[in-house]
There are 4 protein chains.
Amino acid sequence: MRVGLLTGGGDCPGLNAVIRAVVRKGVQDHAYDFIGYRDGWRGPLQGSASRLDIPAVRGILPRGGTILGSSRTNPLKEPDGVRRIRENLAKDEVDALIVIGGEDTLGVAARLHEEHGVRCVGVPKTIDNDLSATDYTFGFDTAVNIATEAIDRLHTTAESHMRVLVVEVMGRHAGWIALHSGLAGGANVILVPEQRFDLDEVCGWVTSRFRASYAPIVVVAEGAMPKDGDLVLKDAAAHDSFGHVRLSGVGEWLAKEIESRTGKEARTTVLGHVQRGGTPSAFDRWLATRFGLHAIAAVRDGDYGRMVALRGPDVVRVPLGEATARLKTVPDALYAEARTFFG
Amino acid sequence: MRVGLLTGGGDCPGLNAVIRAVVRKGVQDHAYDFIGYRDGWRGPLQGSASRLDIPAVRGILPRGGTILGSSRTNPLKEPDGVRRIRENLAKDEVDALIVIGGEDTLGVAARLHEEHGVRCVGVPKTIDNDLSATDYTFGFDTAVNIATEAIDRLHTTAESHMRVLVVEVMGRHAGWIALHSGLAGGANVILVPEQRFDLDEVCGWVTSRFRASYAPIVVVAEGAMPKDGDLVLKDAAAHDSFGHVRLSGVGEWLAKEIESRTGKEARTTVLGHVQRGGTPSAFDRWLATRFGLHAIAAVRDGDYGRMVALRGPDVVRVPLGEATARLKTVPDALYAEARTFFG
Amino acid sequence: MRVGLLTGGGDCPGLNAVIRAVVRKGVQDHAYDFIGYRDGWRGPLQGSASRLDIPAVRGILPRGGTILGSSRTNPLKEPDGVRRIRENLAKDEVDALIVIGGEDTLGVAARLHEEHGVRCVGVPKTIDNDLSATDYTFGFDTAVNIATEAIDRLHTTAESHMRVLVVEVMGRHAGWIALHSGLAGGANVILVPEQRFDLDEVCGWVTSRFRASYAPIVVVAEGAMPKDGDLVLKDAAAHDSFGHVRLSGVGEWLAKEIESRTGKEARTTVLGHVQRGGTPSAFDRWLATRFGLHAIAAVRDGDYGRMVALRGPDVVRVPLGEATARLKTVPDALYAEARTFFG
Amino acid sequence: MRVGLLTGGGDCPGLNAVIRAVVRKGVQDHAYDFIGYRDGWRGPLQGSASRLDIPAVRGILPRGGTILGSSRTNPLKEPDGVRRIRENLAKDEVDALIVIGGEDTLGVAARLHEEHGVRCVGVPKTIDNDLSATDYTFGFDTAVNIATEAIDRLHTTAESHMRVLVVEVMGRHAGWIALHSGLAGGANVILVPEQRFDLDEVCGWVTSRFRASYAPIVVVAEGAMPKDGDLVLKDAAAHDSFGHVRLSGVGEWLAKEIESRTGKEARTTVLGHVQRGGTPSAFDRWLATRFGLHAIAAVRDGDYGRMVALRGPDVVRVPLGEATARLKTVPDALYAEARTFFG
């Protein structure tokens with residue numbers, strides 16, 4: 001039995017832990033062979049692969065990133081993409097493929113399995129925690145810890161100086177990182193893409209916080225938008241050297257708006273890629289390791305077209321299609337809980 | 001409406017986050033009054049209490065420990081305990097009691113509610129994660145992160161020197177911390193109380209690791225026992241100045257046994273109370289905050305005799321009795337997963 | 001003997017450690033009384049003060065910020081400022097003043113001592129490490145650790161993706177934080193205020209790094225300027241809602257310039273106030289504690305008009321005037337050392 | 001020009017940073033060749049070496065341990081040791097040797113240089129900070145940070161429970177780690193090898209701390225000894241399975257003594273090798289990098305028989321012999337400063 005592996009999409013702490021668990025379990029218990037494809041779907045598309053054995057995965061558990069590299073290449077959009085992949089898999093004598101990725105990468109796996117009979121098992125990966133078929137994905141806990149630690153540090157200044165402190169965190173379409181880190185860090189305002197915000201309301205929370213003699217901390221997801229946002233951000237977007245709207249500027253933009261409306265000085269922290277780098281948290285390593293072990297179990301059982309998923313404390317298997325069916329966003333009720341701590 | 005709060009048992013990162021969430025939500029949304037009882041059940045027993053308002057809970061979210069203090073006092077074992085508690089609750093005009101604690105503390109709450117009609121809502125707390133009615137308890141993730149970081153650091157030495165490195169972690173009756181931190185840290189042996197270990201097998205793993213030119217890291221829960229442990233530990237216990245068996249010595253004992261059987265030098269790290277101190281992880285603050293919000297919701301609904309619990313990503317309510325019904329230990333199947341990485 | 005204390009200027013991890021050491025030593029060994037003035041020089045100017053005793057300083061050692069508050073108030077610029085200060089000190093029966101602050105705050109202390117006979121002892125404080133009279137100031141090591149940890153995390157992405165990663169760190173006039181964190185973090189380019197940078201040279205380093213198949217990490221101090229900077233930044237400054245040049249935008253500006261010149265995607269991290277918050281590093285607590293102990297020794301010796309300073313591993317006393325004589329900037333030779341690792 | 005490198009003695013965070021700086025600077029600026037000897041002096045003794053180039057040192061800056069391995073082999077005690085080393089250096093065409101190590105390793109270098117004309121440059125390394133010729137050595141700051149973080153976490157329990165918390169840290173002959181981490185962590189008792197402690201006095205501090213309603217934290221260096229220690233420890237040593245005195249047990253021994261004398265429960269944390277592992281602190285990476293750059297400068301200048309050293313913020317060169325002349329221990333005056341915070 002020979003199993004191929006690939007990692008696609010943005011990097012995410014825990015990818016290496018999955019790879020290690022897959023190879024350790026597969027080699028030791030089942031004597032499988034492993035091939036690692038380079039750079040996501042580009043690997044099987046171009047036939048770029050190399051052997052993976054136990055020495056190759058030694059020491060990678062605590063390391064962020066992926067030893068296989070990654071890309072956003074979509075073979076379904078490449079001329080002859082499916083045929084080339086099938087030929088390369090056949091040439092490499094690969095019997096099954098373990099695909100580690102997010103919505104896009106797994107969507108390809110689902111179609112290759114359903115329409116072309118490629119034997120795929122999926123492992124969900126998204127730092128944003130926005131896949132609906134699993135309670136959590138690895139990488140998310142690490143990102144939340146990093147953002148929370150940054151908010152913790154800002155409280156010091158918030159206690160000594162009368163400044164508004166704005167922290168921009170990741171989350172283009174789902175506000176999970178903002179919600180969790182904002183709650184854990186004790187932020188005074190949390191803005192998520194799921195709920196368009198009202199600048200006047202934000203300034204109200206800021207002002208009420210100052211009245212209690214504390215400086216406010218505002219956590220904003222990079223994809224959060226004001227209620228009249230299209231107009232405003234088109235204007236902000238003019239600053240972008242590439243001519244397209246750059247959502248990553250919302251933190252700085254918000255700080256300026258709060259300054260001009262409340263008359264209070266505002267400072268911005270933009271965490272950027274710091275959130276997706278470095279060693280995974282213990283939870284993410286544990287989850288990624290278990291996902292790897294269960295992915296091999298699915299291969300052993302010949303249970304293809306499936307994705308491993310976390311349900312409560314258990315790892316289960318769900319149809320691959322489910323992973324890409326729906327974006328998991330922050331529900332209104334959960335955001336309402338967080339509002340308890342605003343202002 | 002006046003609500004009493006108490007925290008019982010060993011301290012656990014996240015207790016303060018529960019207290020803060022309860023008070024913030026209760027005061028702001030429901031205009032409840034709050035009374036904090038000192039030192040667990042000793043507070044209502046002795047009538048030692050003080051007002052809790054929003055200023056009192058400011059800034060406590062990131063702090064370990066509990067501003068209410070804690071104790072292991074069991075009022076059911078005190079003369080006239082129940083009567084004194086009921087009198088003090090009546091004197092303080094307390095309408096409902098939110099009890100934050102582990103098996104013992106919640107067991108008292110369950111009996112007071114069932115047998116004496118005291119209106120209690122429980123919040124589960126155990127750093128060992130051994131309560132069966134909830135997927136996770138706060139404090140556990142923090143402890144696992146601390147233990148994992150220690151194991152990470154030992155890998156450096158394990159790569160440069162040919163020594164056996166033994167790490168003793170918490171867990172008298174359940175091996176969750178050892179299992180999770182051992183898996184996350186890439187330990188070569190993990191020993192838990194649920195599975196009596198065979199010293200020869202342990203030494204076999206140690207030796208096979210050396211053969212691969214790496215030094216082994218052995219994670220051992222403080223409650224782990226060798227197969228012929230009763231005899232052995234009675235001997236080790238002789239060193240104890242109090243004359244009773246002291247399980248906390250298993251790490252040092254194991255290091256010496258491995259040294260004498262394999263001829264390899266062994267060094268021990270005993271993390272001790274370091275694991276239960278300091279600021280809670282982001283996950284634990286999030287979980288504790290949500291537990292607090294949902295405990296207040298149960299009070300608002302008049303839903304007494306219940307405990308909040310985590311099920312997947314959701315907080316639910318379960319009967320208080322369930323919390324204390326059964327110790328949640330590491331199942332064989334999960335321990336078998338971990339064995340993939342032994343040796 | 002009654003001693004007054006105040007903390008002035010921007011907050012800096014370690015201020016509380018100084019206050020604690022001063023009070024502990026002064027009360028226990030010399031039975032001094034202490035008064036804490038609020039918000040820097042505003043305190044003695046407005047007579048805003050309160051008693052400081054041992055319970056008041058309990059638990060503050062590991063906390064960032066300052067329990068006394070801070071401000072940038074300069075009493076020499078206030079009408080009648082000196083007279084009001086002297087009257088308030090007399091009214092409070094303060095025999096000596098321990099002044100903890102940076103160039104501005106200590107400059108006031110120096111003039112009050114020299115020209116008006118106010119008995120002052122200074123403790124140097126600047127997160128930027130730019131005071132010439134001392135080897136190091138507390139707060140700096142903490143800031144460097146935080147910035148280095150952020151750079152560490154970015155390396156993960158730098159290994160998996162082909163992006164330019166720009167990190168903006170503190171340092172308006174001196175590049176010490178950029179230099180130390182850039183060296184410690186293994187940055188590929190470090191830009192400091194002391195050396196105007198050439199954009200073409202920066203892009204050259206970026207490109208050569210990509211040629212070696214790694215993504216470059218660029219650390220830039222907030223006060224760094226391009227060679228033709230006045231023109232360029234006047235343009236960038238147009239984005240500022242207050243109409244003045246906002247140096248804090250240099251990271252984002254640089255990322256855009258590199259993108260447009262090299263065609264490579266660039267992402268920015270702006271650490272902002274995160275660098276000056278949170279718990280002080282062990283070194284900073286040790287240094288701040290020793291500064292506090294030696295400040296009290298100067299008071300005991302009646303050695304006024306002096307500032308404590310670090311020289312090698314020793315704490316010494318230097319004239320207060322020295323502290324403010326000259327900005328300590330990164331020397332050419334040291335920057336040349338760092339260039340070894342560029343590109 | 002071909003330069004050999006070796007690392008000897010116990011591992012210490014920062015060794016890899018020295019190696020990287022030496023090779024980067026030497027190759028890029030001087031076009032030197034490099035050879036890395038394996039496992040300290042065992043490498044040149046047995047002729048075990050391999051080429052070191054820039055790709056070989058990539059990514060090692062943040063990693064603890066040493067890519068060259070280490071040992072305590074002393075070639076002066078090996079039959080024909082000096083001759084074999086000289087032959088191997090000649091065979092490898094090594095023109096100069098950069099020796100990174102502590103007292104023992106550098107002592108060999110000093111003798112090889114003085115008596116046998118081997119061209120050596122030394123780089124000081126000791127986690128214990130006990131080399132007299134340099135203000136600080138790398139590794140020390142990392143160890144102090146780790147120990148301080150552990151003490152920080154214990155404060156949480158110290159506030160909630162009435163227990164004595166004993167932390168054993170490294171330091172067999174010098175108490176620098178105990179002193180710095182104890183001061184930075186706010187310990188209530190600090191015991192160092194330089195000052196024999198009186199158990200009654202220790203128990204007095206413990207009791208007085210309890211009287212103030214806080215639990216005491218006792219930091220003890222592994223080499224600390226009670227006043228009547230020879231007798232006591234001979235007894236404790238009986239527990240040792242190897243039959244020799246095991247100083248690493250002082251923490252557990254002390255906890256038991258305090259328990260039996262004060263009647264208060266005591267718990268022990270033994271950090272062990274955790275203190276010398278993991279990623280170096282920013283300061284240690286900066287110091288190690290600069291030591292590496294200056295070692296190459298000494299080679300370039302033909303300035304052999306010298307060791308690089310830190311003096312204030314500057315790196316200087318001192319005679320190799322100085323490094324091993326005298327153990328740098330904690331002076332009485334410094335220990336007296338720390339006593340301010342006891343009890």
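Domain bounds, as used here, come from an automatic or database domain assignment. Under that assignment, chain A of this predicted model divides into domain 1, made of residues 2-138 together with 280-323, and domain 2, residues 142-277. The contact between these two parts draws on 11 residues from domain 1 of chain A and 12 residues from domain 2 of chain A. The C-alpha centres of the two domains of chain A are 34 Å apart. About 890 Å² is buried between domain 1 and domain 2 of chain A, with 52% of that area on carbon and sulfur atoms. The interface of the two domains also holds 1 salt bridge. A salt bridge links A:Arg276 to A:Asp11, and their closest N and O atoms are separated by 3.3 Å.

Attention turns next to the sheet of chain A. Here 7 strands form an open sheet with mixed pairing, in the order β3-β2-β1-β4-β5-β10-β11. At its edges stand β3 (49-51) and β11 (314-319) of chain A, each of which pairs on one side only. From one strand to the next, the twist averages 25 degrees. Towards one end of that order, β10 (residues 306-311) and β11 of chain A pair in the antiparallel sense over 6 bridges. Within chain A, A:Val308 is placed opposite A:Arg317, a residue of β11(A). Helix α4 of chain A, residues 103-116, packs on the sheet and touches β1 (2-7), β4 (96-101), β5 (120-124) and β10 of that chain. The direction of helix α4 of chain A makes about 155 degrees with that of β4(A).

Chain B can be read in a similar order. Its open sheet contains 7 strands, arranged as β3-β2-β1-β4-β5-β10-β11, and the pairing is mixed. In chain B, β3 (49-51) and β11 (314-319) each have a single partner strand, so one side of each is left without a neighbour in the sheet. Neighbouring strands of this sheet are turned against each other by 25 degrees on average, direction ignored. Elsewhere in the sheet, strand β1 (residues 2-7) and strand β4 (residues 96-101) of chain B pair in the parallel sense, over 5 bridges. Opposite B:Gly4 stands B:Leu97, which belongs to β4(B).

Two helices of chain B can be placed relative to these strands. Helix α4 (residues 103-116) of chain B packs on the sheet, in contact with β1, β4, β5 (120-124) and β10 (306-311) of chain B, and its direction lies at about 155 degrees to that of β4(B). Helix α10 (residues 282-300) of chain B lies across β1, β2 (33-37), β4, β5, β10 and β11 of chain B. Relative to β10(B), helix α10 of chain B runs at about 140 degrees.

How the chains are arranged is the next topic. Two copies of a chain are related by a rotation about an axis and a shift along it. For chain B and chain D, a turn of 180 degrees with a shift of 0.0 Å along the axis lays one on the other with an RMSD of 0.0 Å. The two copies are thus related as by a two-fold rotation axis. Within chain B, the C-alpha nearest this axis belongs to B:Val270, at a distance of 2.4 Å. The same surface serves both copies, with 100% of the contact residues of chain B recurring in chain D.

Chain C and chain D form a further pair. Chain C is superposed on chain D by a rotation of 180 degrees with 0.0 Å of shift along its axis, at an RMSD of 0.0 Å. In chain C, the residue closest to the rotation axis is C:Gly312, whose C-alpha is 1.8 Å away. Of the interface residues of chain C, 98% are also interface residues in chain D, so the copies meet through the same surface.

The extent of that interface can be described in several ways. In terms of contacts, 40 residues of chain C meet 39 residues of chain D. The size of an interface is often given as the accessible area lost when the parts come together. Chain C and chain D bury about 3,400 Å² between them, and 56% of this is on carbon and sulfur atoms. C:Trp286, C:Thr340 and C:Phe341 supply 18% of the area that chain C buries against chain D, more than any other three residues. Between chain C and chain D the count is 4 salt bridges. The side chains of C:Arg285 and D:Asp152 also meet in a salt bridge, with an N to O distance of 2.6 Å.

Conventions. Residues are numbered from 1 along each chain as its sequence is written. Chains are lettered from A and ligands numbered from 1 in the order in which they are written. This is a predicted model: local features need pLDDT of at least 70, side-chain atom pairs count only at pLDDT 80 or more; totals for chains, interfaces and linings use all residues. Side-chain values use heavy atoms; hydrogens and water are left out. Two strands pair if DSSP finds at least two bridges between them. Helices (H or I, at least four residues) and strands (E, at least two) are DSSP runs, numbered from the N terminus. Axes are lines fitted to C-alpha atoms, for helices over the stretch in contact, and angles run from 0 to 180 degrees between N-to-C directions. Contact means heavy atoms within 4.5 Å. Copies are superposed by least squares on the C-alpha atoms of residues with pLDDT of at least 70 in both. Buried area is the accessible area (1.4 Å probe) that two parts lose on being put together, summed over both.
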